[in-house]
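Here's a quick tour of the salt bridges in this one. Have a look at the fold, then read on.

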Amino acid sequence: MALASSTRMAARPVPAAKPAARCVVQGRSRVVRARAAASSENLGFKTMRDGVKVAADETLLTPRFYTTDFDEMEQIFSQKMNPNLDMAELDAMLAEFRNDYNQRHFVRNETFKAAAEGITGPTRKIFIEFLERSCTAEFSGFLLYKELGRRLKDVNPCVAEIFMLLSRDEARHAGFINKALSDFNLALDLGFLTKNRKYTFFKPKFIMYATYLSEKIGYWRYISIYRHLQRNPDSQIYPLFEYFENWCQDENRHGDFLGAVLKARPELLKDWEAKLWSRFFCLSVYITMYLNDHQRADFYGSIGLVTKQFNQHVIIETNKSTERLFPAVPDVEHPDFFRRMDYLVELNEKLVAIGKSDMPKPLQTLARLPYIERMVAEIFQIFIMKPKDCGSVDLLSPEQQTQVVY
């Protein structure tokens, strides 16, 4: 994994011919670095040591680190215990991942640092927060996939290697973003984060639903930003986004693999319980993204996007992708869906305002309760809206497949 690190160049002798010019250049360079460093210091971020940021506090809306029941995972990927595994499809996917199409894609150029130095004030702060969240999310995927690859190597070498290659991709993404953070004179200590972050336990089937959705929604987020900036190059204020086209293809391949894994467990995609869990995880991911992004609308505004329009586009497209696999998904194109989502944003803004007030903590808790109750009620109303029945043709009976075709 390519982690960000500070690099020092060896000292070189100064030519005697032009000492004054050299001095001026060095002086200007020091001024630029000092201004950038001071800018980061004045943004309110805490550091563990020089240039290393303290990770943001964990909340319901921040990226999480996950763990699972690895013994059960071994049973899921055992060909003896799970004859539904389509090893021909998985072997083809392994060959695809081995090709490593993005091996030479994540190569930085000289524009990164200069672009970062040109981003100042509030925009600089929200850029750093965006990079940190993105880095944490990618690194979380790396840790989970790497552990799955390690645990499954004796049970199913093919699947184990695929998970290791997924972790390779996620590590590459996390390292690239962390190096971008260093352009802003900050970085995350990912080793420290590994040991000190809280891990959320999810049962294996929930891990499958959640990771599939996170990869698919990641694809639509990245490709939507990339296409927007290709149409509006004046908003391309930092070169990281130029890498998003190839980057999102990693996310799409990961999602396709996890979709194949889900199809190997038909009970996760066919019965009434599967329909409930599918809708639950869709809504969990959609609502989390919608609330999170609306809290950070200034970031999207800085690259010329309207947060509401961007979020709705990403959710609609992710839902279209997901309905090809999940047995039921929310009807996100129903007029009431985004009306209720927007109301959740209003309630969440009031919660955030209470948290930022000078009110004593016990009173803040009391003041939050009515808004939390309304949010829970509103989420329940969204959940019980009539869903769209859908699903993969691969899981239908021959008679049902004939009906779909004709």
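## What counts here

A salt bridge, for our purposes, is a side-chain nitrogen of Lys or Arg within 4 Å of a carboxyl oxygen of Asp or Glu. Keep in mind that this is a predicted model. Going by that rule, the tally is 19 salt bridges.

## Bridging two helices

Start with K205 and E273, which pair up with their closest N and O atoms 3.3 Å apart. K205 sits in helix α8 (residues 204-231) and E273 in helix α10 (residues 272-295), so this bridge ties together parts that are 68 residues apart in sequence. E273 is partly exposed, with 32% relative accessibility.

## Within one helix

R150 and E147 make a more local pair: both belong to helix α5 (residues 121-152) and sit three residues apart, about one turn of the helix. Their side chains meet in a salt bridge at 2.7 Å, N to O. R150 comes out as partly exposed at 46% relative accessibility, and E147 is partly exposed too, at 21%.

## Loop to strand, and a network

Next up are E323 and K388, whose side chains form a salt bridge of 3.1 Å, N to O. This one links distant parts of the chain, 65 residues apart: E323 is in the loop between α12 (307-322) and β5 (328-329), while K388 is in strand β6 (residues 388-389). Relative accessibility is 22% for E323, which makes that residue partly exposed. K388 is also partly exposed, with a relative accessible area of 30%.

Finally, D100, R168, D169 and R172 are joined into one network by salt bridges that share partners.

Conventions
Residues numbered from 1 in each chain as written. Predicted model: local features only at pLDDT ≥ 70, side-chain atom pairs only at ≥ 80, totals over all residues. Heavy atoms only, no water. Helix = DSSP H or I, 4+ residues; strand = E, 2+ residues; numbered from the N terminus. Buried < 20%, exposed > 50% of the residue type's maximum accessible area, 1.4 Å probe, protein only.
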